[in-house]
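Okay, thanks for making room for me. I'd like to walk you through a model, sheets to begin with and then some aromatics.

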Amino acid sequence: MSKKCLIFIGLAVALTMLAGLVAGCGSSDSKTADSKEIKVGGNFEMTGGIANFGNQTANGIKLAFKEANAAGGVLGKQLTFIIADNKSEPAEAANAITKLITQDKVVAVLGPVSSSNVLATLQIAQDNKIPVLTATATNPKVTVDNGKVRPYVFRACFIDPFQGKVMADFAAKSVKAKTAAIYVDNSSDYSKGLAEVFETSFTQGGGKIVAKEGFLQKDTDFKATLTKIKAANPDVIFIPAYYEEVGKIVKQARELGITVPLLGTDGWDDSKLVDIAGAAPLNNGFFSNHYSSQDKDPNIVKFVEAYKKEYGQEPSALAALGYDAGLMLIDAIKRAGSADPAKIRDALEQTKNLQVSTGILTLDANHNPVKSAVVIEMKDGKQLFKEKINP
């Protein structure tokens, strides 16, 4: 056989192999498009200052997805939940959503937990037209920016104006407080938003704010500002912050002889709060929350039993909200009849009368759910269901 012929045969073999590789790539893409899974991203605080919250919320979502997959999946496909750790920091939250969208190719993103972390991701979600559903971020700016609804962002929880008003009304009506001090985390959009609403609602109801002090996340010594608050002699102190700092604040407040009721919000809802503050200092402490595991509503009872079976512990409100967010997304994908992000977005916007663990949920025009809140009392280290407040 001539040398020229051998070269020709070699080229033919190479071209055949190349064609096979191209065909292989094409079939792989086709297979991905016709995949038997629906990839959903989770942008959560798995480590860092509010890691307990991130893990609890993610666990609730995992349970909802596990139940759906066991029942045959969604649109005949299995839900795959891909979690990226945002380390409880806004910059990392932006990195996490970028990874989930560009590398993991998710059709929607659940999370983050905190308002500050969610806000850091929203432009990226908007630019890529991927819907974001946060289970827990309560700041109004999450869904509405300068009076305009953010088209790709939704939530499963009530917002700060409702939560702040709930605690202002509780202070005035249940505690009979005439004066209040506010102790705010100035590094948190969540905390600042709640403080503003509480002040407005409390003063509109005839109350007076006699002291306003601030701290920063990761502070450990609060006695100087607590001493100023004590000197103002308020009837109650409102501390809208997360459990790490709240635990230290409560402990140091009681050490300084502050005995008045301490009021808070859903950021208090973690067992670690008792570990940090101690059981006795938390007595005469009350906070707003999204649900109580002691509520006898059949849907709550069913969820609590399922969560205990899966994880061996009582579900926090954030776990319940995570579960609800999972149900919202599942419902939206089913109604959309597609895993296309744009169609999922449209279906989320039309969520109405959906039964979730914490009640029946309908999204309003601002992509916020209309739902109830509860007030929890801390008693000897235990959470007690105090009262339920409807919107």
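**Two sheets and an aromatic cluster**

So, strands E8 and E9 are joined by seven bridges and run parallel. Before I go on, this is a predicted model, where local features need pLDDT of at least 70 and side-chain atom pairs count only at pLDDT 80 or more, while totals for chains, interfaces and linings use all residues. Numbering starts from 1 along each chain as its sequence is written, and side-chain values use heavy atoms, with hydrogens and water left out.

Some terms. Helices (H or I, at least four residues) and strands (E, at least two) are DSSP runs numbered from the N terminus, and two strands pair if DSSP finds at least two bridges between them. Buried is under 20% relative accessible area, exposed is over 50%, and partly exposed is in between, with a 1.4 Å probe and protein chains only.

Back to E8 and E9. Asp-185 sits opposite Phe-215 in E9. How many of the residues of E8 are buried? Seven of its seven. Take the two faces separately: Thr-179, Ala-181, Tyr-183 and Asp-185 are buried on one side, and Ala-180, Ile-182 and Val-184 are buried on the other. In a regular strand, side chains alternate between the two faces of the sheet.

Zooming out, the sheet here is an open one of seven strands, ordered E9-E8-E10-E11-E12-E15-E16, and its pairing is mixed. At the edges you have strand E9 (208-215) and E16, each pairing on one side only. From one strand to the next, the twist averages 25 degrees. Further in, E10 and E11 are parallel, with two bridges, and Ile-237 is opposite Leu-262 in E11.

Now for what packs on it. Contact means heavy atoms within 4.5 Å. Axes are lines fitted to C-alpha atoms, for helices over the stretch in contact, and angles run from 0 to 180 degrees between N-to-C directions. Helix H8 (residues 223-232) lies across strand E8 (179-185), E9 and E10, at about 175 degrees to E9.

Then there's helix H6, residues 160-174: its 15 residues reach 20 Å from first C-alpha to last, close to the 21 Å expected at 1.5 Å a residue. That expected span is 1.5 Å times one less than the number of residues. Its buried residues include Phe-162, Val-166, Met-167 and Phe-170. What covers the buried residues of H6? The cover includes helix H7 (189-204) and several strands, among them E10 (236-238), E11 (262-264) and E12 (285-289). Just past the end of H6, Lys-176 has a positive phi of about 65 degrees.

Next, the other sheet. This open sheet has five strands in the order E2-E1-E3-E4-E7, with parallel pairing. Its edge strands are E2 (78-85) and E7 (153-155), and each pairs on one side only. E1 (residues 37-44) runs parallel to E2, with eight bridges between them, and Gly-42 has Ile-83 as its bridge partner in E2. Helix H2 (residues 51-70) packs on this sheet, touching E1, E2 and strand E3 (109-110), and its direction is about 165 degrees from that of E2.

One residue in H2 takes us to the aromatics: Gln-56. Gln-56 has a relative accessible area of 13%, so it counts as buried. Leaving out residues up to four places away in sequence, Gln-56 touches Asp-269, Asp-270, Tyr-307, Ser-316, Leu-318 and Ala-319.

Hold on to Tyr-307, which belongs to one aromatic cluster with Tyr-291, Phe-303, Tyr-311 and Tyr-323. The structure holds 16 aromatic pairs. Rings of Phe, Tyr and Trp (its six-membered ring) pair if their centres lie within 6.5 Å; planes under 30 degrees apart are stacked, over 60 edge-to-face, and the rest tilted. Phe-303 and Tyr-307 have ring centres 5.8 Å apart and planes at 50 degrees, so that pair is tilted. They're four residues apart in helix H12 (residues 298-311), about one helical turn. Tyr-307 also forms a tilted pair with Tyr-311, at 4.7 Å centre to centre and 45 degrees between the planes.

So is Tyr-307 buried or exposed? Buried, with a relative accessible area of 0%. Tyr-311, at 25%, is partly exposed.

Last one: Arg-345 lies over the face of Tyr-152, 5.8 Å from the ring centre. The cut-off there is NZ of Lys or CZ of Arg within 6 Å of the ring centre and within 35 degrees of the ring normal.
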